[in-house]
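Dear colleague,

Please find the structure below, handed over for your own inspection. My notes on what was found in it follow directly after.

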Amino acid sequence: LILPILNHAIYIEQGGVRNAALGSCGIASSNDLSASVYNPALLAIVNRAGLLTDSRKYFWDLVNDELSFNYTAIGIPFGRFGYLASSGSFFSSNLLNQNKIGLHYANFLLGNKLTFGVSAYQYQIGYDQNEFTVVDPFFQEYGYDKSVYDFDFGLAYRFSDKLKFGFVGYNLSSADIALAEENEDKIARKFGVGIDYTWGKANIVSDVKYTSSEIETQNGYEFSLGCEYELAKNFDLRAGYDQYSLSSGFGINLLSKEITN
């Protein structure tokens, strides 16, 4: 179990259960703090203080299983000075822990049409010290954990109240997370574009991503599609598709209040 982990760069899901229900779309369609991991440029459009959490356990009733994912983000608007947010994504198991701590900033460039955003990350990877790893000469020489830094950059353009486009580049410096200095295990770069179109009470969204990695088998395109429909006031139905799965969900706005200047 250890060997495949040692030869695969860090992998952490993108948080946000709304996005997950929409086929993991979010480059142009994130309307909450999930923008911090999908496209930081959209944080400028969110423009409200918030707290977002997402917790998932992958398997139940599986012996010796600790596979889980947790995501938390908090953000505060500063008016014309932009929007600032922080986030934490945590993948854990009984053998391996992978964390991603982020700081995000977004602001407008051209009136209220074009926004930009940047994210700076600290990636942390750590292996469990158990009866097998403590006697392994590899871990004795190189240790059990490592931290590296990387960053994302995004743009979003609102053509109208009904149509938005987004562009984002993930892990642009392709940081090396390998424990051993003589090895190389770089985090793959990704580039993505997204569209968000409102048609009546329906919101149609789609993302296309391309992975650029030194490992040829990891390179390729990912396509995702989602639809959100306002069935009633404050009640939305959601469905999505990508090449790996079908997804669905619903959202209820229990309480909201607008404060205007």
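I begin with a cysteine: C25 counts as buried because its relative accessibility is 0%, where buried means under 20% relative accessible area, exposed over 50%, and partly exposed in between (1.4 Å probe, protein chains only). C227 is in no disulfide, and the nearest cysteine sulfur, that of C25, lies 11 Å away. A disulfide is taken here as a pair of cysteine sulfur atoms within 2.5 Å. By this rule the count comes to zero disulfides. C25 is likewise in no disulfide, its nearest cysteine sulfur being that of C227 at 11 Å. Unlike the buried C25, C227 counts as partly exposed, at 33% relative accessibility.

Some remarks on provenance are due here. The model is predicted: local features need pLDDT of at least 70, side-chain atom pairs count only at pLDDT 80 or more, and totals for chains, interfaces and linings use all residues. Residues are numbered from 1 along each chain as its sequence is written, and side-chain values use heavy atoms, with hydrogens and water left out.

Confidence

The predictor's confidence in each residue, pLDDT, runs from 0 to 100. For the protein chain the mean pLDDT is 88, and 91% of its residues reach 70 or more. Among the elements of the chain, strand 7 has the highest mean pLDDT (97), while helix 1 (residues 2-6) has the lowest (41). Helices (H or I, at least four residues) and strands (E, at least two) are DSSP runs, numbered from the N terminus. Over residues 1-7 pLDDT stays under 50, and the model has nine contacts beyond four places in sequence for this stretch, a contact being heavy atoms within 4.5 Å.

The sheet

Twelve strands form an open sheet in the order 1-2-3-4-5-6-7-8-9-10-11-12, with antiparallel pairing; two strands pair if DSSP finds at least two bridges between them. Strand 1 (50-57) and strand 12 stand at the edges with a single partner strand each, so one side of each is left without a neighbour in the sheet. From one strand to the next, the twist averages 15°, based on axes that are lines fitted to C-alpha atoms (for helices over the stretch in contact), with angles from 0 to 180 degrees between N-to-C directions.

At the strand 1 edge, eight bridges pair strand 1 with strand 2 (residues 68-77) in the antiparallel sense. T53 has T72 in strand 2 as its bridge partner.

Further along, strand 6 (residues 145-158) and strand 7 (residues 163-170) run antiparallel and are joined by six bridges. Four residues make up the hairpin connection between strand 6 and strand 7, and R158 stands opposite K164 in strand 7. Strand 7 is also joined to strand 8 (residues 189-199) by eight bridges, again antiparallel, with I195 in strand 8 as the bridge partner of F165. The loop between strand 7 and strand 8 holds S174. The phi of S174 is near 50°, a positive value in a residue other than glycine, and S174 counts as buried at 11% relative accessibility.

Towards the other edge, strand 10 (residues 220-232) and strand 11 (residues 235-242) run antiparallel with eight bridges between them. E230 is paired with D236 in strand 11. The two strands form a hairpin with two residues between them, and N234 in the turn has a positive phi of about 70°. With a relative accessible area of 35%, N234 is partly exposed. Strand 11 then pairs with strand 12 (residues 246-252) over seven bridges in the antiparallel sense; A239 stands opposite S248 in strand 12, and three residues lie between the two strands of this hairpin.

A buried tyrosine

Y123 is placed in strand 5 (residues 114-127) and counts as buried because its relative accessibility is 3%. The side chain of Y123 makes a polar contact with the side chain of N171 at 2.5 Å. Such a contact is a pair of N or O atoms within 3.5 Å; within protein, one must be able to donate a hydrogen and the other to accept it, and residues adjacent in sequence count only if both atoms are side-chain atoms. The C-alpha atoms of Y123 and K146, 23 residues apart along the chain, are separated by 8.2 Å.

With kind regards
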